[in-house]
Amino acid sequence: MSNPPPLELRAVTRSFTTEAGALPVLTGADLTIQAGEIVALVAPSGTGKSTLLHLAGLLEMPDGGEVFIEGRAAGKLADDARTTIRRDTIGFVYQFHHLLPEFTAEENIILPQMAAKTAHGAATIRARALLASFGLAGREGHRPGKLSGGEQQRVAIARALANAPRILLADEPTGNLDVATSARVFAELMQAVRGQGVAALVATHNPELARQMDRVVTLRDGRVTEA
Ligand SMILES: Nc1ncnc2c1ncn2[C@@H]1O[C@H](COP(=O)(O)OP(=O)(O)OP(=O)(O)O)[C@@H](O)[C@H]1O
């Protein structure tokens with residue numbers, strides 16, 4: 001029997017309550033991402049990209065429909081089971097790095113493992129290898145304030161990959177970097193993910209970056225369609 005896809009959204013709906021009334025953002029979104037597939041999500045501002053990523057990452061629950069992670073219906077799980085999936089299966093990268101300024105690059109990467117009290121030594125070795133793969137060997141002990149914007153974002157990407165996630169969700173991962181740095185950091189991200197069997201969903205406004213992914217989808221009237 002073949003493995004279920006790492007990420008599947010079926011008929012997902014989500015609306016928000018605003019002063020002007022209910023705002024339907026997702027109205028029946030379907031999306032399946034297979035292991036090893038890198039999918040770009042390109043859609044105009046305000047159409048629901050971040051909302052979709054939050055639902056895919058189990059940070060929020062949909063009003064209707066279901067999110068399946070490796071075949072498990074997230075809506076049927078208890079909160080702590082969803083937390084475990086988020087920690088062990090999913091990596092997140094955001095537009096802004098959200099590194100903690102008082103911790104070093106290495107500590108920022110291993111913080112989740114430290115909190116979960118999992119093997120400290122192994123986590124450190126992996127963090128160093130990841131930092132080295134992003135050209136940051138020797139910078140492990142630097143605090144974010146001593147790193148450039150591109151370096152900070154590389155640390156944030158290394159942090160997202162620290163748990164060897166099977167799903168990577170990225171929301172404008174290089175959106176706050178200048179064009180040249182964005183292209184470089186994005187290429188490094190692709191290199192780190194390619195061949196690892198990771199199912200990746202990357203929201204971007206940048207068509208150049210989108211073209212480098214395996215497939216491009218968009219959001220139209222609250223549904224996912226091929227771009
Ligand atoms: N918590 C919330 N409460 C009310 N409205 C919300 C909430 N979150 C998002 N929205 C609205 O839902 C719509 C979709 O937002 P979302 O952030 O998903 O869009 P986006 O495509 O990621 O936009 P951008 O490209 O600008 O980041 C927007 O109109 C936004 O204002």
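These notes cover a helix, a strand and the strand's neighbours in a predicted model.

1. Start with helix α1, residues 49-56. Six of its eight residues are buried, so the rest of the structure largely encloses this helix. The buried set is Lys49, Thr51, Leu52, Leu53, Leu55 and Ala56. Note that a lysine, Lys49, is on that list.

2. Look next at what comes after α1. Leu58 follows the helix. Its phi is positive, near 60 degrees.

3. Strand β7 spans residues 167-171. Five of its five residues are buried, so β7 too is largely enclosed by the rest of the structure.

4. Which way do the β7 side chains point? Ile167, Leu169 and Asp171 point one way. Leu168 and Ala170 point the other way. Residues on both sides are buried, and that includes Asp171.

5. β7 has a partner in strand β6, residues 90-93. The two pair in the parallel sense, over four bridges. For a landmark, find Ile90, which stands opposite Ile167 of β7.

6. Strand β8, residues 199-203, also pairs with β7. This pairing is parallel as well and runs over five bridges. Here Asp171 is the residue to find: it stands opposite Ala203 in β8.

7. How does the chain get from β7 to β8? It passes through helix α6, residues 179-193. The resulting β-α-β crossover is right-handed.

8. Asp171 ties several points together. It is buried in β7, points the way Ile167 and Leu169 do, and faces Ala203 across the pairing with β8.

Key: Residues are numbered from 1 along each chain as its sequence is written. This is a predicted model: local features need pLDDT of at least 70, side-chain atom pairs count only at pLDDT 80 or more; totals for chains, interfaces and linings use all residues. A residue is buried if 20 or more other C-beta atoms lie within 10 Å of its own, exposed if 12 or fewer, and partly exposed in between; C-beta atoms are placed from the backbone. Two strands pair if DSSP finds at least two bridges between them. A crossover is right-handed if, with the strands pointing away from the viewer, the path from the first strand over the helix to the second runs clockwise.
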